[in-house]
Amino acid sequence: MENKEQFGSRFAAIAAMAGSAIGLGNIWRFPYMVGEYGGAAFIFIYIISSFLLSVPIFFAEFIIGRRSGANCLGAMRRLAPRSRWRLLGILCILTPSIILSYYAVVGGWSFSYLLRAFTLDFPESFGSFTASPWQSVTAFAIYMAISCIIVAGGVKKGIGRFSKLAIPVLFVLIVVLAIYSVCLPGSSAGVEYLVKPDWSKVTTRTFVNAIGQSFYSISLGMGIIITYASYVSKKENIILSGTGTAISDLFFALIAGFAIMPAVFAAGIEPGSGPGLIFDTLPFIFTSMSESAPLLGKLVAIIFFLAVAIAALTSSVSLIEVPVAWLTEEKGFKRGKATLLVFLVTGTIGALCALGFGPLAGVKIFGHSLFECFDLLSCNVLLPLGGLLCVLFVGWKMKPENFRDEFTNGGSLKFNEKIFGVIRFLIRYVAPIAVILIFLSNFI
Ligand code: PHE
């Protein structure tokens, strides 16, 4: 096998995977879901489903990537030559490109709000901001360019180095915000919203949402873990990488909840989720805070939007790397040129998504804007499908010896036999059945 670039250290590899996992989903969806679906009861179900379902799927993707040492399509060519599994490779190149087109639009907004936080000059309303074509397209283009520059820097010097810096900074920023937020007068209702277990709010939808969120949050089903694992050393412990990523992601989501909800409750506002929470509610809180303490309001706003921008950036970088790895390894592109091509293609589609909030607002596909279509299509169809194919491949197509070989690193790591049995059972039976059920639940 050719000499491939690697992350360089365990910390860099886990930071890159955690960077992909920690993103907008942790900030704008998780805290809201916790409150809506029963506080600690939801957190409990979320943790169980992460470990029983998402982490085994992570293992399956990791095994495909590290065993083949190749990008998604190359991996299928090496592990299952001339077979229909090629479709899994194609799917895993397509999905991140689609997600990138709309995810980076939101990334652009976060950059623009970060700049505005310095003067606390937030737009009148979020709607008026996104409707202005040049503002959101320029912010999007700058954000995409920065993400692409990091990817063009290479796996070790670009993505690895950036993630090693970004992840610790991100944790410090969010912890500072959480401490500040829970100390605000009137914040206790927000803390209660997050932690008070309310089992009466637990329904089938709670399970579906908990599993779906943990799936999206760990960045599964879109070839990211396959691609990143191909840069991980053969000596790395797969169980540590999987649990390390899942635990960092969970911690970040919880702390983000404590950074946001107590402040929202202290301001006496009903919490929401999605862009409205970050770009409407919170700027309003920062601005009103600054009326009594101008400097403090500004500082908190800057810290918050810096955290959002960094969290989004590490996720976009992972999305860009998937097609770039394919172009460089399979199509003979130089890394710089491959990144430029991804920038141009997804940049054009993303610009159309951004314009859908303004001049192209009338263009609808089945009643949805392009942005919404991409979000719905990827979360509800493409991610579950990608995840399902990965577990089926590793659970049913790959030889059990190869599976064991990846866990033990060729026999050098010792594990209790029962652990293999449990993980294999989860990958072969539990994960596929659960993913199919989740998928079907979209239609009821
Ligand atoms: N895991 C990311 C989050 O929680 C979501 C993501 C989606 C990351 C797509 C990369 C790609 O926001």
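Let me begin with isoleucine 22, which touches Ile167, Leu170, Phe171, Ser248, Asp249, Phe252, Ala311, Thr314 and Ser315, leaving aside residues up to four places away in sequence. The model before you is a predicted one. Where does isoleucine 22 sit? Its place is the loop between helix H1 (10–21) and helix H2 (24–36). Isoleucine 22 has a relative accessible area of 0%, so it is classed as buried. One further relation along the chain deserves mention: alanine 246 is 224 residues apart from isoleucine 22, and the C-alpha atoms of the two are separated by 9.6 Å.

I turn now to the charged side chains. As a general remark, side chains of opposite charge can pair when their charged atoms come close. How many salt bridges does the model contain? The count comes to 7 salt bridges. I shall discuss three of them, beginning with the pair of glutamate 406 and arginine 66, whose side chains meet at 2.9 Å, N to O. Glutamate 406 belongs to helix H17 (residues 400–408) and arginine 66 to helix H3 (residues 40–68), so this salt bridge ties together parts that are 340 residues apart in sequence. Are these two residues buried or exposed? Both glutamate 406 and arginine 66 are buried.

Next comes the salt bridge between the side chains of aspartate 405 and arginine 67, at 3.1 Å, N to O. Here again the pair ties together distant stretches of sequence, because aspartate 405 lies in helix H17 and arginine 67 in helix H3, parts that are 338 residues apart in sequence. Aspartate 405 counts as partly exposed, at 30% relative accessibility. Arginine 67 likewise counts as partly exposed, at 23% relative accessibility.

Arginine 67 has another partner: its side chain also meets that of glutamate 406 in a salt bridge, at 3.1 Å, N to O. With glutamate 406 in helix H17 and arginine 67 in helix H3, this pair ties together parts that are 339 residues apart in sequence. For glutamate 406 the relative accessible area is 4%, which means that this residue is buried. What do the shared partners produce? Arg66, Arg67, Asp405 and Glu406 are joined into one network by salt bridges that share partners.

Let us set beside that network a charged residue without such a partner. Arginine 424, in helix H18 (residues 417–441), is buried yet has no salt bridge. Which side chain of opposite charge is nearest to arginine 424? That side chain belongs to glutamate 401, and it is 7.8 Å away. Leaving aside residues up to four places away in sequence, arginine 424 touches Val394, Gly395, Pro400 and Phe403.

Finally, I come to the surface, where I would point out two patches. In the first that I wish to show, positive charge gathers on the surface at Lys156, Lys157, Arg161 and Lys164. One of these residues, lysine 156, has its place in helix H8 (residues 155–182). Its relative accessibility is 48%, so lysine 156 counts as partly exposed.

The other patch is nonpolar, and it is formed on the surface by Phe333, Leu340, Leu341, Leu344 and Val345. How much accessible area do these residues have together, and what is the figure in Å²? Together they have about 410 Å² of accessible area. Among them, leucine 344 is placed in helix H15 (residues 335–355). Leucine 344 has 47% relative accessibility and therefore counts as partly exposed.

Conventions:
Residues are numbered from 1 along each chain as its sequence is written. This is a predicted model: local features need pLDDT of at least 70, side-chain atom pairs count only at pLDDT 80 or more; totals for chains, interfaces and linings use all residues. Side-chain values use heavy atoms; hydrogens and water are left out. Patches are made of residues with over 30% relative accessible area and no salt bridge: like charges are joined within 9 Å, nonpolar side chains (Val, Leu, Ile, Met, Phe, Trp, Tyr) within 5 Å. Accessible areas come from the Shrake-Rupley method with a 1.4 Å probe; for residues, only the protein chains shown count as cover. A salt bridge is a side-chain nitrogen of Lys or Arg within 4 Å of a carboxyl oxygen of Asp or Glu. Lys and Arg count as positive and Asp and Glu as negative; His and the chain ends are not counted. The place of a charge is taken as NZ of Lys, CZ of Arg, CG of Asp or CD of Glu. Helices (H or I, at least four residues) and strands (E, at least two) are DSSP runs, numbered from the N terminus. Buried means under 20% relative accessible area, exposed over 50%, partly exposed in between (1.4 Å probe, protein chains only). Contact means heavy atoms within 4.5 Å.
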